Amino acid sequence: MRVVRALSAALLTLGLAAAPAAADASPSPSQDGTAAPTRAGTSFRTATEIEQGQPATASGSTGDYLYWSFPADTGQRPTVEATVKLPESHASQTWQIDVYDGLRRRQACQYGAQTRIAAADASSVRLACVLRTVRAWSEPWANDPLPGTYYVRLTATGVATADLGLPVDTGVRVDSKDIGGSAAVDGSLAEPLVPGVATKPGQEREDAAVLAGLEPEDGWASGRWSDRWVWSAAGGMLAALAGVGGYALTRGTGRPSRVPST
């Protein structure tokens with residue numbers, strides 16, 4: 001029984017160590033007091049950078065393409081939400097939000113109202129896109145989300161000619177759920193997919209893309225230690241504990257007194 005008690009104590013210690021690690025891995029909004037962005041870019045190259053958890057607003061015109069960018073790291077499942085305040089008088093409009101990765105590949109939404117039709121009497125429209133979990137590594141032919149910069153594009157489609165150029169106010173916010181070790185894979189990228197990552201030192205040009213100015217608060221985590229190892233070790237400890245307990249229950253108390261010794 002001393003072995004069982006020792007294994008139980010070790011398992012409890014391991015579980016207590018895993019809980020803070022999982023809590024610390026969740027993303028948190030920036031606390032540096034940076035003012036929320038109040039403008040949006042008009043292309044991928046001029047996309048306005050925003051932190052996760054940081055609301056951003058922008059004024060624009062119906063028919064414009066509005067762009068923002070944000071960093072997403074391994075194990076995160078980003079949710080992009082957008083709100084558009086429409087002018088008092090307008091025709092029916094279809095608004096759409098698209099998300100692209102660092103290679104400018106359009107990423108599919110797991111769920112959410114990515115496209116919505118705003119009726120002629122609607123004062124606002126809300127859109128949302130929940131991406132798939134960001135992976136640390138993927139096959140070259142796959143379209144899996146990978147760590148790096150992501151772009152948000154908001155626009156209206158099928159706009160009546162009379163509505164083109166009407167002013168609108170928009171708001172965008174990105175939050176992530178940390179999926180943790182359940183999404184871990186064996187492999188990692190050499191570098192996150194951010195603008196300018198392929199630019200070689202000494203060969204920069206004035207018109208070349210520069211590295212994205214934003215990254216996760218604790219740096220890029222691709223290829224680092226994952227709580228997947230903690231839970232794997234916990235599973236091994238549980239299996240060992242179950243084996244010892246099963247043996248203790250089934251081995252009996254020895255030879256029955258009624259059986260003579262030979």
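These questions and answers look at Asp144 and at the salt bridges in a predicted model.

Colleague: Where does Asp144 lie?
Modeller: Look at strand 9, residues 124-131, and strand 10, residues 148-157. Asp144 lies between them, in the loop.

Colleague: Is Asp144 buried or exposed?
Modeller: The relative accessibility of Asp144 is 18%. The cut-off for buried is under 20%. Asp144 therefore counts as buried.

Colleague: Which residues does Asp144 touch, not counting residues up to four places away in sequence?
Modeller: Three arginines are on the list: Arg105, Arg132 and Arg135. The others are Gln107 and Ser138. So the full set, with that cut-off of 4.5 Å between heavy atoms, is Arg105, Gln107, Arg132, Arg135 and Ser138.

Colleague: What joins the side chains of Ser138 and Asp144?
Modeller: Ser138 lies in the loop between strand 9 and strand 10. Ser138 is buried, at 10% relative accessible area. Its side chain and that of Asp144 are joined by a polar contact of 2.8 Å.

Colleague: Which residues is Ser138 in contact with, leaving aside neighbours within four places in sequence?
Modeller: One of them is Asp144. The other name given is Leu146. That makes the pair Asp144 and Leu146.

Colleague: In what do the side chains of Arg132 and Asp144 meet?
Modeller: Side chains of opposite charge can pair when their charged atoms come close. Between Arg132 and Asp144, the N to O distance is 3.5 Å. The cut-off is 4 Å, so this pair meets in a salt bridge.

Colleague: What does the pair Arg132 and Asp144 tie together?
Modeller: The two side chains meet in a salt bridge. Arg132 and Asp144 lie in the loop between strand 9 and strand 10, so the pair ties together parts that are twelve residues apart in sequence.

Colleague: How far apart are the C-alpha atoms of Asp144 and Arg132?
Modeller: Along the chain, these residues are twelve residues apart. In space, their C-alpha atoms are separated by 8.0 Å.

Colleague: Is Asp101, the salt-bridge partner of Arg105, buried or exposed?
Modeller: Arg105 and Asp101 meet at 2.7 Å, N to O. The relative accessible area of Asp101 is 0%, so Asp101 is buried.

Colleague: With which residue does Asp175 form a salt bridge?
Modeller: Asp175 is partly exposed, at 29% relative accessibility. Its partner is partly exposed too, at 31%. The closest N and O atoms are 2.9 Å apart, and the partner is Arg173.

Colleague: How many salt bridges does a search of the whole structure find?
Modeller: Asp98, Arg106 and Arg153 are linked in a network of them. Searching the whole structure gives a total of six.

Conventions:
Residues are numbered from 1 along each chain as its sequence is written. This is a predicted model: local features need pLDDT of at least 70, side-chain atom pairs count only at pLDDT 80 or more; totals for chains, interfaces and linings use all residues. Side-chain values use heavy atoms; hydrogens and water are left out. Helices (H or I, at least four residues) and strands (E, at least two) are DSSP runs, numbered from the N terminus. Buried means under 20% relative accessible area, exposed over 50%, partly exposed in between (1.4 Å probe, protein chains only). A polar contact is a pair of N or O atoms within 3.5 Å; within protein, one must be able to donate a hydrogen and the other to accept it, and residues adjacent in sequence count only if both atoms are side-chain atoms.
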